[in-house]
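Here are some short exercises to work through with the model open beside you. Try each task yourself before you read its solution.

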Amino acid sequence: MKQIINGKEYDTFTATDCGTYMDSKLYEPFIDVIRLHRKKNGEYFVHNYMVSACKDISFYKNIAIVPLTEDEAKKWVKRYLSAERYESLFWGSLGVKKG
């Protein structure tokens, strides 16, 4: 998905996929998927979409792309992904901040 927001382009096909959170509720026909991406210039954004919870039904619906600051991306990763993933995204192998 590609979208222009406030004059900036956000493209899920060219950005790096940093991690995915899926929320499925019992007896709901759809799974809510939120995927964190990082652009080549270091900007972060999340792509929210829905897919079918039933493997026999093909369904995909884009909901939104939402730009995030680095601090917002860090909070998102802490909430939805592992500590190891946080470290790999935001810290170097010697504990030195990436960036």
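## Exercise 1: Salt bridges

This predicted model holds four salt bridges.

**Task.** Find the salt bridge of D17 and work out which strands it links.

**Solution.**
- Step 1: Start at the D17 side chain, which meets the side chain of R35 in a salt bridge with an N to O distance of 3.3 Å.
- Step 2: Place the two partners. D17 sits in strand β3 (residues 16–24) and R35 in strand β4, so the pair ties together parts that are 18 residues apart in sequence.
- Step 3: Check how covered they are. D17 has a relative accessible area of 37%, so it is partly exposed, and R35 at 25% counts as partly exposed too.

**Task.** Which residue forms a salt bridge with K74, and how far apart are the closest N and O atoms?

**Solution.**
- Step 1: The partner is E70, and the closest N and O atoms are 3.6 Å apart.
- Step 2: Both residues belong to helix α1, and because they are four residues apart there, about one helical turn separates them.
- Step 3: Now compare the accessibilities with the cut-off: buried means under 20%. K74, at 14%, therefore counts as buried. E70, at 33%, counts as partly exposed.
- Step 4: Elsewhere, salt bridges with shared partners join K8, K39 and E43 into one network. Within that network, the side chains of K39 and E43 meet at 3.1 Å, N to O. K39 is buried, with a relative accessible area of 15%.

## Exercise 2: The overall layout

**Task.** How many helices and strands does the protein chain have, and what pattern do they follow along the sequence?

**Solution.**
- Step 1: Count the elements: the secondary structure comes to two helices and six strands.
- Step 2: Read them off along the sequence, and you get β-β-β-β-β-β-α-α.
- Step 3: Add the dimensions. The C-alpha trace spans about 45 × 35 × 20 Å along its principal axes.
- Step 4: Look at the cover. Of the chain's 99 residues, 31% count as buried. The chain exposes about 6,900 Å², with carbon and sulfur atoms supplying 53% of that area.

## Exercise 3: Nonpolar cores and a surface patch

**Task.** Which elements give two or more residues to the largest nonpolar core?

**Solution.**
- Step 1: Begin with the core itself. It has 13 residues, and those with the most contacts inside it are L36, Y44, W76, V77 and F90.
- Step 2: The elements giving two or more residues to this core are β4 (30–38), β5, α1 (70–80) and α2 (83–90).
- Step 3: Another core, of five residues, lies apart from it and has I5, A15, F45 and I65 among its members.
- Step 4: Zoom in on W76. Leaving out residues up to four places away in sequence, W76 touches G19, T20, Y21, I34, L36, V46 and L81.
- Step 5: For background, nonpolar side chains in soluble globular proteins tend to be buried together.

**Task.** Which residues form a nonpolar patch on the surface?

**Solution.**
- Step 1: The patch is made of F30, I57 and F59, which together have about 250 Å² of accessible area.
- Step 2: Take F30 as an example. F30 is in strand β4, and its relative accessible area of 32% makes it partly exposed.

## Exercise 4: H47 and S82

**Task.** Is H47 buried or exposed, and which side chain joins it in a polar contact?

**Solution.**
- Step 1: Locate H47 in strand β5 (residues 44–52).
- Step 2: H47 has a relative accessible area of 3%, so it is buried.
- Step 3: The side chains of H47 and N62 are joined by a polar contact of 2.6 Å.
- Step 4: List the neighbours. Not counting residues up to four places away in sequence, H47 touches M1, T12, V33, I34, R35, H37, Y60, N62, A64 and I65.

**Task.** Where is S82, and what separation is there between its C-alpha atom and that of H47?

**Solution.**
- Step 1: S82 is found in the loop between α1 and α2.
- Step 2: At 34% relative accessibility, S82 counts as partly exposed.
- Step 3: S82 and H47 are 35 residues apart along the chain, and their C-alpha atoms are separated by 19 Å.
- Step 4: Finish with a local detail: a polar atom of the S82 side chain lies 3.0 Å from the backbone nitrogen of R85.

Notes
Residues are numbered from 1 along each chain as its sequence is written. This is a predicted model: local features need pLDDT of at least 70, side-chain atom pairs count only at pLDDT 80 or more; totals for chains, interfaces and linings use all residues. Side-chain values use heavy atoms; hydrogens and water are left out. Buried means under 20% relative accessible area, exposed over 50%, partly exposed in between (1.4 Å probe, protein chains only). A polar contact is a pair of N or O atoms within 3.5 Å; within protein, one must be able to donate a hydrogen and the other to accept it, and residues adjacent in sequence count only if both atoms are side-chain atoms. Contact means heavy atoms within 4.5 Å. A nonpolar core is a set of buried Ala, Val, Leu, Ile, Met, Phe, Trp, Tyr and Cys residues joined through side-chain atoms within 4.5 Å. Patches are made of residues with over 30% relative accessible area and no salt bridge: like charges are joined within 9 Å, nonpolar side chains (Val, Leu, Ile, Met, Phe, Trp, Tyr) within 5 Å. Accessible areas come from the Shrake-Rupley method with a 1.4 Å probe; for residues, only the protein chains shown count as cover.
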